[in-house]
Structure formats: C-alpha cells, structure tokens
Amino acid sequence: MKFLVGALAMAGAFIAVAHGAQVWEWALRPAEVKYAIYGGDLGDTYAPTPKNVRVAFYVRGRAAKEMFEAMGPDRKSECGIEKGGRVREKEHVACRYRPSDGYECDFGFDLRSGRSIGGSIC
C-alpha cells in the first residue's frame, strides 16, 4: 500500500512538471522601498510622539508590479490618474500603474497598535 501511495505521488509530480507547473520557493528578494515614520494622519502629519506613531511604506518597481498583478481587478480611481493608468486596492493596500512612473504600491501601520492603515491619501 505504501508503494502505491508513493508511486501515485511521484506520478502526480511528474504530471505537474510535464504540464509546465513552476516550482514555487520562499525567497526574499530585494525591493525598491521608501518609508516615512510620522504622527497624526496622512495629509495632516507631525513629528511622531510616543502615543502617536505610524509608518507609511512606498514600494516601487518589480515588487510593486508583482503586488499589482496579484491584487486584480482594476477599479476606478477616485483621485484621478493619467490616461492609461490603472488602480487596484484591497483594504489598506493601494497599487497603481502609471505609464509615466510604472508600478507603485503603498500601505502603512499604526506602530502603537499594529493596525493596518493606508499609506497614502490618494
């Protein structure tokens, strides 16, 4: 019985490879990221305080493109975007594609509570 289970598992693996299935591997890759630590709210920021400290992350390039592609589908931008631009948002993560700038994503966290917050106001 063990032989049969093992043979079926091997056959499944060979079939997956034969059909072009890619092997996925956990790997940390470099990313183009900038961040800002601040107090207050986006659009009305001030120096962080021990009771009010947040971080906003801005991701660009390949990492942003991979995030954008994973999020789908596009949605209408309420902030306006250049012709050919695209927007994808899920909860507090926003990604955009602009022909002039490429891919960019933003998100943030309240560092006191750990709560996810947006990384941009528009």
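Here are a few friendly notes on the pockets, one helix and the aromatic pairs of this predicted model.

1. **The largest pocket.** Let's start with the open space. The largest pocket has a volume of about 430 Å³. Its lining is made up of 18 residues, and those closest to the centre are A27, R29, A31, A63 and E66. Three elements give two or more residues to this lining: β1 (32-41), β3 (54-60) and α2 (61-71). The largest share comes from α2, with 5 residues.

2. **What lines the largest pocket.** If you like to think in side-chain classes, the lining of the largest pocket divides into 11 nonpolar residues, 6 charged and 1 polar.

3. **The second largest pocket.** This one holds about 360 Å³ of space. It is lined by 21 residues, of which E89, A94, S120, I121 and C122 are the closest to its centre. At least two lining residues come from each of β4 (86-90) and β5 (93-98), and β5 supplies the largest share, 4 residues. By class, the lining of the second largest pocket divides into 8 charged, 7 nonpolar and 6 polar residues.

4. **The two sides of α2.** Helix α2 deserves a look beyond the pocket. Its residues A64, F68 and M71 are buried. Viewed down the axis of α2, the buried residues fall within an arc of 65 degrees, so they line one face of the helix. The general background is that an α-helix has 3.6 residues a turn, so residues three or four places apart point the same way. On the face of α2 turned away from the buried side, you will find the exposed residues R62 and A70.

5. **What α2 packs against.** Which strands do the buried residues of α2 pack against? They pack against β3, β4, β5 and β6 (102-110).

6. **An aromatic pair between strands.** The model has 5 aromatic pairs. One of them joins Y35 and F57 in a tilted arrangement, with 6.4 Å centre to centre and 40 degrees between the planes. Because Y35 lies in strand β1 and F57 in strand β3, the pair ties together parts that are 22 residues apart in sequence.

7. **Exposure and the wider cluster.** Are Y35 and F57 exposed or buried? Y35 is exposed, at a relative accessible area of 56%, while F57 is partly exposed, at 24%. Both belong to one aromatic cluster, which also includes F107 and F109. When you have the structure open, these four residues can be viewed together as that cluster.

Conventions
Residues are numbered from 1 along each chain as its sequence is written. This is a predicted model: local features need pLDDT of at least 70, side-chain atom pairs count only at pLDDT 80 or more; totals for chains, interfaces and linings use all residues. Side-chain values use heavy atoms; hydrogens and water are left out. On a 1 Å grid over the protein atoms alone, a cavity is a set of points where a 1.4 Å probe fits but cannot get out, and a pocket is an open set with protein on both sides within 12 Å along at least five of seven lines; lining residues have an atom within 4 Å of a point. Grid points are joined across faces, edges and corners, and a volume is the space filled by probe spheres set on the points. Ala, Val, Leu, Ile, Met, Phe, Trp, Tyr, Cys and Pro count as nonpolar, Asp, Glu, Lys and Arg as charged, and the others, Gly among them, as polar. Buried means under 20% relative accessible area, exposed over 50%, partly exposed in between (1.4 Å probe, protein chains only). The arc is that of the directions from the helix axis to the C-beta atoms. Contact means heavy atoms within 4.5 Å. Rings of Phe, Tyr and Trp (its six-membered ring) pair if their centres lie within 6.5 Å; planes under 30 degrees apart count as stacked, over 60 as edge-to-face and the rest as tilted.
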